[in-house]
Amino acid sequence: MLDIQNLRVFHGPIEAVHGISLSVGTGQCVALLGPNGAGKTSTISAICGIAQASGTIALEGADLAKVTVEDRIGRGIAVSPEGRRIFSNLSVEANLRIGGGIRADRENVRADIERWFDTFPILGERRAQPGGTLSGGEQQMLAIARALMSKPKILLLDEPSLGLAPRIVAQVFQMISTLRAEGMTILLVEQNARQALQISDYGYLLNNGRIQAEGTAEELGGSKDMMAKLTGLG
Amino acid sequence: MDYAAQQIINALSFGAEYALLALGLAIVFSVMGLVNFAHGEVIAVGGYTMVAFAALVTANPLIIIVGAVAATALTSVALERVAFRPVRYADPTTGLLTAFGVSIVLQNLFLLFISPRPIAVTSLYFLDAPVMVFGVQISSLQIFESVTTVVVIIGLVLFLQRTTLGLAMRAASLDFEMVRLTGIRANRVFALAFLISGLLAGLACIFIMARRGSVDPHFGFNPVLKAFVACVVGGFGSLPGAVLGGFLLGAVEVAMLVLLPQEYGGLKDAFVFGIIALVLVWRPDGILSPAKEKGDKL
Ligand SMILES: Nc1ncnc2c1ncn2[C@@H]1O[C@H](COP(=O)(O)OP(=O)(O)OP(=O)(O)O)[C@@H](O)[C@H]1O
Ligand SMILES: [Mg+2]
């Protein structure tokens, strides 16, 4: 689904990611793990087209180099970004409507919003409330729901568990695992390595802009050395 | 009593005009952080279009009005495409300088290719006729102005609250990049903001022309100044703030006209700006300044 070769990401003169390669197969959940400043968000930004990058990023075999941010979303990438970035001045419902803003099947957008409200009654109860008044966990659910409103082929999640209480983190991972079970393709960026690997088919460990290790959850989790490293991070 | 009623109506109709002008600035500022000082020249284009239509095409005022509004809308969208799109993601100072540049270039084009002198258009005088309402004599123009402004505000509110693109414009005022990350095209959002701004400029142009009856190269200066002041008072970037600021400015101006003794008449603007300055001491970011935070970061 998503194939990245030799990706370098730049923030002005600073190179944050130094030539990484990774791929996410259709229906897979792939974890991208690493400590603060490893370059995880830079990678996500490059996939979305909002950071300057070199190398190739291909979605379903098509190179995205010349594709605008908006067209990348149009082709099926959706993102729940770092910090969630809910439109805090707009109602919960409006956030979801904007999420489905590019869809041609307008009638179904409304139905899909109602479905989200059924799945997360808390969001339904607060549908008319400004997004900014939600709790962190509710905002994270809303950010993921907003991303899914565009009916993407691949969902990018940037640290969905950040800053949430353990009970809420469990809910968020439960939601991601449900999505995966429904066949959604997911690239999951996390520092919470242990929990992320539990719901992932494959994982990459990123450090200082380079991939240090990769493998299936068992491989990464199995190696004692790596486990120590990962739990040290997580 | 009649006098008081008349002055209140004066204040409301001035306020309505300033609100229209301020909304034109605020809608562009809210989505792209640009103070479009060329807004005044867009209004002047409307005035010159009236001149051209009246001289060359028709005396039918309805066609002249429609032509002028279409011209301001087109000009505004064209300016976005040609001048402001290239500096869209540059820092605010670059945008501001670009706007000044565009404003000066347009003024000079008017000077060079049209005329440095005022050109009269009489076709819209009919809008300004005295009418009696409940025993108070007011101008029909004031009624048109107030009604138009109310209709525009209602229309804008419905658009911004009900349509996806309207919601996206409000979202863009907070976090433009996130709007792009939902796939909604930045180009469309920007073009739309300028289109709405241009339509508002056209409406304001009708009323200014109906009152002044002539257009000259510096036609846009005064309106854009009023719009700017109204936006600053109301809180730059806030649309309700622009409306509030407009009406407040209208009220203060009329109050100064009424209250200042004859011999201080020439100091009216000084007093108006003095009061505005006091408002800003009380609320430095304007009365309804929008929240600056970008959603929940953690
Ligand atoms: N806009 C920017 N300008 C300059 N440097 C940046 C910018 N964004 C990121 N960087 C730098 O790039 C490197 C990678 O940052 P990035 O945000 O990708 O890390 P991360 O893995 O997402 O970290 P975290 O877990 O803290 O979110 C860091 O050294 C950071 O300082
Ligand atoms: Mg990050």
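User: How many cavities of 30 Å³ or more does the structure hold?

Analyst: Happy to walk you through it. Keep in mind that this is a predicted model. The structure holds 2 cavities of 30 Å³ or more. The largest cavity has a volume of about 60 Å³.

User: Which residues line the largest cavity?

Analyst: Both chains take part. From chain A come A:I73, A:A78, A:V79, A:G99, A:R146, A:A147, A:S150, while chain B gives B:M178, B:L181 and B:T182. On the chain A side, β6 (77-80) and α6 each supply at least two residues of this lining. By class, the lining has 6 nonpolar, 3 polar and 1 charged residues.

User: Let's turn to the interface. How much area do chain A and chain B bury between them?

Analyst: A general idea helps here: the size of an interface is often given as the accessible area lost when the parts come together. In this model, chain A and chain B bury about 2500 Å² between them, with 57% of that area on carbon and sulfur atoms. Counting residues instead, 27 residues of chain A are in contact with 26 residues of chain B.

User: How many salt bridges and polar contacts cross that interface?

Analyst: Side chains of opposite charge can pair when their charged atoms come close. Across the interface of chain A and chain B there are 4 salt bridges. One of the salt bridges in the model pairs B:R185 with A:D71, whose closest N and O atoms are 2.8 Å apart. The interface also has 8 residue pairs in polar contact, counting pairs in which both residues are at pLDDT 80 or more.

User: Which helices of chain A supply residues to the side that touches chain B?

Analyst: Look at α2 (69-74), α3 (92-99) and α6 (136-148) of chain A, each of which supplies at least two residues to that side. By class, the side of chain A that touches chain B has 13 nonpolar, 7 polar and 7 charged residues.

User: How many salt bridges are there over all chains, and what does one within chain B look like?

Analyst: Over all chains, the structure holds 23 salt bridges. In one of them, the side chains of B:E17 and B:R211 meet at 2.6 Å, N to O. B:E17 lies in helix α1 (residues 2-32) and B:R211 in helix α8 (residues 186-212) of chain B, so this pair ties together parts that are 194 residues apart in sequence.

User: What about pockets: how much space lies in the second largest pocket?

Analyst: The second largest pocket holds about 450 Å³ of space. It is lined by 17 residues, and the closest to its centre are A:W116, A:T119, A:L148, A:L179 and A:E182. In chain A, α4 (106-119), α6 and α7 (166-181) each supply at least two residues of the lining. The largest share, 5 residues, comes from α7(A). Sorted by class, the lining divides into 9 nonpolar, 4 polar and 4 charged residues.

User: One last feature, the backbone. Where is A:K151 found, and what is its phi?

Analyst: Most residues other than glycine have a negative phi. A:K151 has a positive phi of about 55 degrees, although it is not a glycine. This residue is found in the loop between α6 and β7 (154-158) of chain A.

User: And what is phi at A:N208?

Analyst: Phi of A:N208 is near 50 degrees, again a positive value in a residue other than glycine. You will find A:N208 in the loop between β9 (202-207) and β10 (210-216) of chain A.

Key
Residues numbered from 1 in each chain as written. Chains lettered and ligands numbered in written order. Predicted model: local features only at pLDDT ≥ 70, side-chain atom pairs only at ≥ 80, totals over all residues. Heavy atoms only, no water. Contact = heavy atoms within 4.5 Å. Buried area = accessible area lost by both parts, 1.4 Å probe. Polar contact = N/O pair within 3.5 Å; in protein donor to acceptor, adjacent residues only side chain to side chain. Helix = DSSP H or I, 4+ residues; strand = E, 2+ residues; numbered from the N terminus. Nonpolar A, V, L, I, M, F, W, Y, C, P; charged D, E, K, R; others polar. 1 Å grid on protein atoms, 1.4 Å probe; cavity = no way out; pocket = protein on both sides within 12 Å on 5 of 7 lines; lining within 4 Å. Points joined across faces, edges and corners; volume = space filled by probe spheres on them.
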